[in-house]
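Colleague: I would like to take a close look at one part of this protein, and I would be glad if you could then lead me from that part to the rest of the model.

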Amino acid sequence: MSNQLSDRINNLVPSATLEMAAKARELRAEGKDIIGLSLGEPDFKTPDYIREAAIQAINDGYNSYTPVDGYVELKDAIITKFKRDNDIDYDRSQIVVSTGAKQSLYNVAQACLNKGDEVILPCPYWVSYSDIVKLTGGVPIEVATSIENDFKMTPEQLEAAITPKTKMLWYSSPCNPSGSIYSKEELRALADVLQKHPQIIVVSDEIYEHINYGVTEHASMAGFEDMYNRTVTINGVAKAFAMTGWRIGYIGAPTYIARACNKLQGQVTSGANCIAQRAVITALLESPSRVQYMVDEFQNRRKLILELLNNIPGFKCNEPQGAFYVYPDISAFFGKTLNGMQINNASDFAMYLLEEANVATVTGDAFGNGNSIRISYAASVDEIKEAISRIASAVS
């Protein structure tokens with residue numbers, strides 16, 4: 001009965017990360033021993049001090065509808081966080097709290113894009129960017145990058161991608177899926193290009209900000225005075241605080257964009273969960289050093305998984321500087337037959353690993369870069385060792 005559905009939904013591509021996770025669950029239900037390295041979800045519990053704040057909120061009687069754009073106390077905590085961590089000054093009118101950073105991104109797209117507007121997406125990009133843009137009638141413009149350049153777009157590439165229809169630039173740093181981080185100098189070089197095109201709004205997705213391994217210091221586009229009034233900074237608590245299920249994201253933005261997002265959200269979901277908001281106040285006001293133990297463990301796992309993958313012929317890896325993914329180039333397997341299965345692209349390869357090695361990864365095709373797969377190391381050391389051992393056996 002798809003003819004009863006809208007063209008909009010029929011043309012929408014399911015999230016590849018969620019789709020692979022669902023396939024892994026189905027295979028587990030059939031009794032197969034699947035190791036899931038597809039979802040971007042920390043395998044830690046939410047820290048006790050945050051959980052205790054949630055319990056206190058319940059005991060204090062928080063159960064009512066919340067303001068559409070978030071509790072004032074949470075907005076003030078976000079303002080404090082932006083100043084402390086990013087040296088960016090926002091006021092309450094510039095902050096909107098949403099049900100996850102994904103909703104924050106969706107709100108911004110719906111608020112800013114008209115049919116035919118172009119949005120530049122450096123590849124690889126987070127899996128939902130392209131379809132969020134398409135849902136508005138916007139046109140994603142993919143800019144290819146390479147593993148040799150750590151999957152980062154150059155100023156020359158940005159300039160070449162800009163047309164009279166360009167409305168926005170979206171990127172994440174640290175990047176999902178590559179783990180790459182744009183340095184302050186690299187962002188400044190992109191900002192210099194954008195100075196010649198004042199109509200372009202920048203969306204800087206910084207959800208992995210605190211999962212940084214210390215080589216490249218985090219920098220924000222909105223930290224540049226000449227970019228502040230045209231940059232939307234996206235952030236949230238899912239990754240660094242192990243709060244994926246709490247569903248709280250937020251923006252710092254020019255007031256006119258924040259008000260537009262608030263207007264839209266008021267007709268869609270209204271305010272985010274009251275208990276989660278109270279817990280996030282505590283999460284943001286405490287020092288980020290309180291979650292450093294998770295970052296340290298992710299760094300150890302990064303070292304392990306890179307050592308293991310670099311011993312597999314055909315896998316080409318760079319060293320990600322943040323997040324908790326590796327994004328190896330596996331194009332050496334294209335055109336080959338592995339145990340009777342023809343490998344033509346990254347999607348074939350990811351499906352082969354699921355069916356032959358019982359390891360769930362995500363095809364790079366979903367991220368706009370078809371030569372790679374994304375492997376999450378948000379898993380135990382034992383799971384990582386076993387998964388890479390299975391992969392090595394499957395491709396040998």
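Colleague: In what order do the three strands of the open sheet that holds E9, E13 and E14 lie, and is their pairing parallel or antiparallel?

Modeller: Please keep in mind that this is a predicted model. The three strands of this open sheet lie in the order E9-E14-E13, and their pairing is antiparallel. At the edges are E9 and strand E13, which covers residues 362-363, and each of these edge strands pairs on one side only. If you follow E13 to strand E14, residues 373-376, you will find two bridges joining these antiparallel strands, and one residue pair to look for is Thr363 with its bridge partner Ile373 in E14.

From this sheet we can move to the domains. The domain assignment divides the protein into domain 1, made of 7-45 and 291-395, and domain 2, which spans 48-288. The centres of the two domains, taken over C-alpha atoms, are 25 Å apart, and where the domains meet, 38 residues of domain 1 are in contact with 38 residues of domain 2. Together the domains bury about 3,100 Å² between them, with 59% of that area on carbon and sulfur atoms. On the side of domain 1, the residues that lose the most area to domain 2 are Val291, Gln321 and Phe367, which together account for 21% of what that side buries.

The interface also has polar features that you can pick out. Across it the rule finds one salt bridge, as well as 14 residue pairs in polar contact. Strand E9 (325-326), which we met as an edge of the small sheet, returns here, for helix H2 (16-29), helix H11 (292-309) and E9 each supply at least two residues of the side of domain 1 that touches domain 2. Of the elements on that side, H11 gives the most, with six residues.

In the whole structure there are 21 salt bridges. One of them joins Glu148 and Lys316, whose closest N and O atoms are 2.4 Å apart. Another brings together the side chains of Arg51 and Asp48, at 2.9 Å from N to O; both of these residues lie in helix H3 (residues 48-59), where they are three residues apart, about one turn of the helix.

Now turn to the other open sheet, which has seven strands in the order E2-E8-E7-E6-E5-E3-E4 and whose pairing is mixed. Its edge strands are E2 (95-98) and E4 (139-143), each of which pairs on one side only, and neighbouring strands of this sheet are turned by 20° against each other on average, with direction ignored. At one edge, E2 pairs with strand E8 (residues 249-252) in the antiparallel sense over four bridges, and there Val96 has Ile251 in E8 as its bridge partner. Helix H5 (residues 101-112) lies across several strands, namely E2, E5 (166-172), E6 (201-205), E7 (231-236) and E8, and runs at about 160° to E7.

Some loops that follow strands of this sheet deserve a careful look at the backbone. In the loop between strand E3 (118-122) and helix H6 (129-135) you will find Pro124, which is joined to Cys123 by a cis peptide bond with an omega of about 5°. A cis peptide bond also joins Ser173 and Pro174, where omega is about -5°, and this proline sits in the loop between E5 and helix H8 (184-194). Finally, the loop between E4 and helix H7 (155-161) contains Asp150, which has a positive phi of about 55° although it is not a glycine.

Note on methods
Residues are numbered from 1 along each chain as its sequence is written. This is a predicted model: local features need pLDDT of at least 70, side-chain atom pairs count only at pLDDT 80 or more; totals for chains, interfaces and linings use all residues. Side-chain values use heavy atoms; hydrogens and water are left out. Two strands pair if DSSP finds at least two bridges between them. Axes are lines fitted to C-alpha atoms, for helices over the stretch in contact, and angles run from 0 to 180 degrees between N-to-C directions. Contact means heavy atoms within 4.5 Å. Domain bounds come from an automatic or database domain assignment. Buried area is the accessible area (1.4 Å probe) that two parts lose on being put together, summed over both. A salt bridge is a side-chain nitrogen of Lys or Arg within 4 Å of a carboxyl oxygen of Asp or Glu. A polar contact is a pair of N or O atoms within 3.5 Å; within protein, one must be able to donate a hydrogen and the other to accept it, and residues adjacent in sequence count only if both atoms are side-chain atoms.
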